[in-house]
Amino acid sequence: MVQKDKYQNLDQLKGKAVGGTVLEEPSFISKIVLAGKYDLAGFNLKPSNQAIRALRSLDKGELDAVILNEQQFNGLASLQMSKPLEAIFTSEQIPLMGVVANSKTTTTEERLRFGQALEGMCADSEGKKLCDLFGVEAFASVDTAVFEPMIKLWTDGK
Amino acid sequence: MNKLRLFFTISLLVFLNSCALFQKDYVQFDETLNCPEQTTANLLAAQNQLGYLSKTDTLACALTALRKTEDVTLRRSAFASRLCLHLAERETDQNKREKLADEGVGFAETALKLGGTGDGGVHYYLAANLGLEVREHITLAINNLARLEDELKQAVALSPDLDDSGPLRVLGMLYLKAPAWPNGIGDRDKALDLLVRAVNNHPKHPLNHLFYAQALWDDEGNEVTVSRVKAEFAIGEKLLAEGNWGYNKEVWKKEFDEFAKEFGQSESLDK
């Protein structure tokens, strides 16, 4: 996201100050979000632990751009910015990370049991309260095919 | 006009009595308290005298009397709600603490219905009691965030200096602890702004310094130096140790100790 009409593409942001909470994981941004097409070292990265602060800085001109995830992007309408913003880059669809387990420290049986418990959580009367609270409709087992392109980007990426 | 006035008076009495009829399960105090008989005049006079320095029995007696009063001036004020908060804060049993806090919320809600909307104290003690009531219940806490924010914002607008910048302090902590945007109202910048104002406006209150230290500590992205967090913490700790904070002292000491532990553990990890 940039102030409207200030920049038109990512190339113009080289050397510029780019903020956002997602910059906490630069490898993920580089390999998956940017699909290996841009070297993050070319930007002046300013990671933040609060997206709203990064957006205020963008609004004031203290940052040149802010990277947002989908949830943050969808929440923009609720903020009052003094200058209009626009997106100059949108990534391909990236599947939600989901709940993952470390295969080295967990057993197959543990992962299976945990997965089954999660799948039943939103149908449980108590679990439903937490699901509703956090806007979770359900937990579902992963279709591994969805993640294969991401795995390829990660292993091939720089 | 006389008939209208009579109708209104009867309606008000029915409303107040119905509140008594449908009384919730309140914390019952020891029957051997031997509370003195309290008149409306006594209670009105006691408002400015009873607080965190008062003995628990004294507060309990006053609350018992307030539960029965039908005086609109008293019921429209923050007095009963404030007493509930004082009693709840020093109550070690969680169930009783939450019941007292819930009662405090109820008193404040009644006060608002009776025209107390312009009283910052009513909004402040409603929020303070509500916060205490939901503190141990995450779903309740999150479901009440908007209400807490709204009440505290009104308290800040109407009575920012109440309880030594209490509205600023509590709203600041709400913004610090709540889930951050876009998931919630959490906002570190707002938290810091409110808490630094609390410290500047009322520098002698220990919690203003503790909460500000916590906000600074949480604000890693702003290159806060450890020495600044330590300085604020030390000021607050000294104020707590040297001041006469009555029954709050022990409760607040625990908050200082908990933060010191968290702070100390983080420092040792950085070495």
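Buried means under 20% relative accessible area, exposed over 50%, and partly exposed in between, with a 1.4 Å probe and protein chains only. This is a predicted model, where local features need pLDDT of at least 70, side-chain atom pairs count only at pLDDT 80 or more, and totals for chains, interfaces and linings use all residues. Residues are numbered from 1 along each chain as its sequence is written, chains are lettered from A in the order in which they are written, and side-chain values use heavy atoms, without hydrogens and water.

**Exercise 1.** Describe the secondary structure and burial of chain B.

*Solution.* Step one: take helices (H or I, at least four residues) and strands (E, at least two) as DSSP runs, numbered from the N terminus. Chain B has 14 helices and zero strands. Step two: turn to burial. Of the 271 residues in chain B, 44% are buried. Step three: take contact as heavy atoms within 4.5 Å. Among chain B contacts between residues at least 6 apart in sequence, 66% join residues at least 24 apart.

**Exercise 2.** Place Ile88(A) and decide: buried or exposed?

*Solution.* Step one: locate the residue. Ile88(A) sits in the loop between β5 (85-86) and α4 (108-121) of chain A. Step two: apply the cut-off. Ile88(A) is buried because its relative accessibility is 18%. Step three: list neighbours. Leaving out residues up to four places away in sequence, Ile88(A) touches Val2(A), Tyr7(A), Gln8(A), Asn9(A), Leu10(A) and Leu13(A). Step four: compare separations. Arg113(A) is 25 residues from Ile88(A) in sequence, and their C-alpha atoms are 43 Å apart.
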